[in-house]
Amino acid sequence: DIFAGMDFMLRGCGRSIKHCEYFYLTKGRDLGFNAVMGFFSKISSGTGEQILTRQMFRLSQVLPLPESLSFHYAHAGYYMTQAFISLSMPITVSTWLLVLVAGCEDSFQAYMNCPTATAGESMAVVLSAWCSWVLLFFLFGQAMPLFMQMWME
């Protein structure tokens, strides 16, 4: 239970928990899309409820930064990352479509070196410049908790 682990971290006084992993072999079941989505929604709603608890608040105040980052990345941060990844593509495509549909050919030529640039070429230049540093920031943000956890071990 996650709450028992959080309470132990708060009241453990430096002791550690031994973790034993067991392989659980049972009969295979045919899982459809709805069954898998039901399971993931159950897990993610439990994580959302976990964020609201007093133990999570107290634990975030007590843990040092590397442990706090790895704890966040393993629990609520995973779902936030998946939400940001899922939203990034529709936002990029809708922004691109708005620029292309708006017919702003004249306004983009004022910002480009080449006076014959189309809106598509201008949008490609803007997105490539913007996504280059955002991609590096995103990759750094994704890899930092992993590196901190490896550094702690």
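# A guided tour of an all-helix pattern

Read from the start of the sequence to its end, the chain follows the pattern α-α-α-α-α-α-α, and what you have open is a predicted model. Begin with the whole chain in a cartoon view, where you can look for its 7 helices and where there are 0 strands to find.

Before selecting anything smaller, switch on the surface of the chain, which exposes about 12300 Å², with carbon and sulfur atoms supplying 68% of that area. Of the 153 residues of the chain, 18% count as buried. If you then display contacts, and keep those with a sequence separation of 6 or more, residues 24 or more positions apart account for 67% of them.

Next, select helix H1, residues 2-11, together with helix H3, residues 54-62, and turn the view until both axes can be followed. These two helices pack at an angle of about 40 degrees, and their axes are 10 Å apart. An angle between 35 and 65 degrees counts as oblique, and H1 and H3 are therefore oblique to each other. As you rotate the pair, note also that H1 passes H3 in a left-handed crossing.

Now show the side chains where the two helices meet. On the H1 side, select Phe-3, Met-6, Asp-7, Met-9, Leu-10 and Arg-11, and on the H3 side select Gln-55, Met-56, Arg-58, Leu-59 and Val-62, since these residues make the contact. Coloured by class, the contact of H1 with H3 shows 7 nonpolar, 1 polar and 3 charged residues.

Stay with helix H1 and select Ile-2, which has its place in this helix. Is Ile-2 buried or partly exposed? Its relative accessibility is 31%, and because buried requires a value under 20% and exposed one over 50%, Ile-2 counts as partly exposed. Leaving aside its neighbours within four places in sequence, Ile-2 is in contact with Gln-50 and His-75. Add Thr-47 to the selection as well: Ile-2 and Thr-47 are 45 residues apart in sequence, while their C-alpha atoms are 9.8 Å apart in space.

For the last stop, move to helix H4, residues 65-74, and select His-72 within it. His-72 has a relative accessible area of 38%, so this residue too is partly exposed. Which residues does His-72 touch, not counting those up to four places away in sequence? They are Gly-77, Tyr-78 and Met-80. Finally, draw a distance from the C-alpha atom of His-72 to that of Ser-60, and you will find a separation of 8.9 Å between two residues that lie 12 residues apart along the chain.

Notes: Residues are numbered from 1 along each chain as its sequence is written. This is a predicted model: local features need pLDDT of at least 70, side-chain atom pairs count only at pLDDT 80 or more; totals for chains, interfaces and linings use all residues. Side-chain values use heavy atoms; hydrogens and water are left out. Axes are lines fitted to C-alpha atoms, for helices over the stretch in contact, and angles run from 0 to 180 degrees between N-to-C directions. Helices (H or I, at least four residues) and strands (E, at least two) are DSSP runs, numbered from the N terminus. Angles under 35 degrees count as roughly parallel, over 145 as roughly antiparallel, 65 to 115 as roughly perpendicular and the rest as oblique. A crossing is left-handed if the near helix is turned anticlockwise from the far one by less than a right angle, and right-handed if clockwise. Contact means heavy atoms within 4.5 Å. Ala, Val, Leu, Ile, Met, Phe, Trp, Tyr, Cys and Pro count as nonpolar, Asp, Glu, Lys and Arg as charged, and the others, Gly among them, as polar. Buried means under 20% relative accessible area, exposed over 50%, partly exposed in between (1.4 Å probe, protein chains only). Accessible areas come from the Shrake-Rupley method with a 1.4 Å probe; for residues, only the protein chains shown count as cover.
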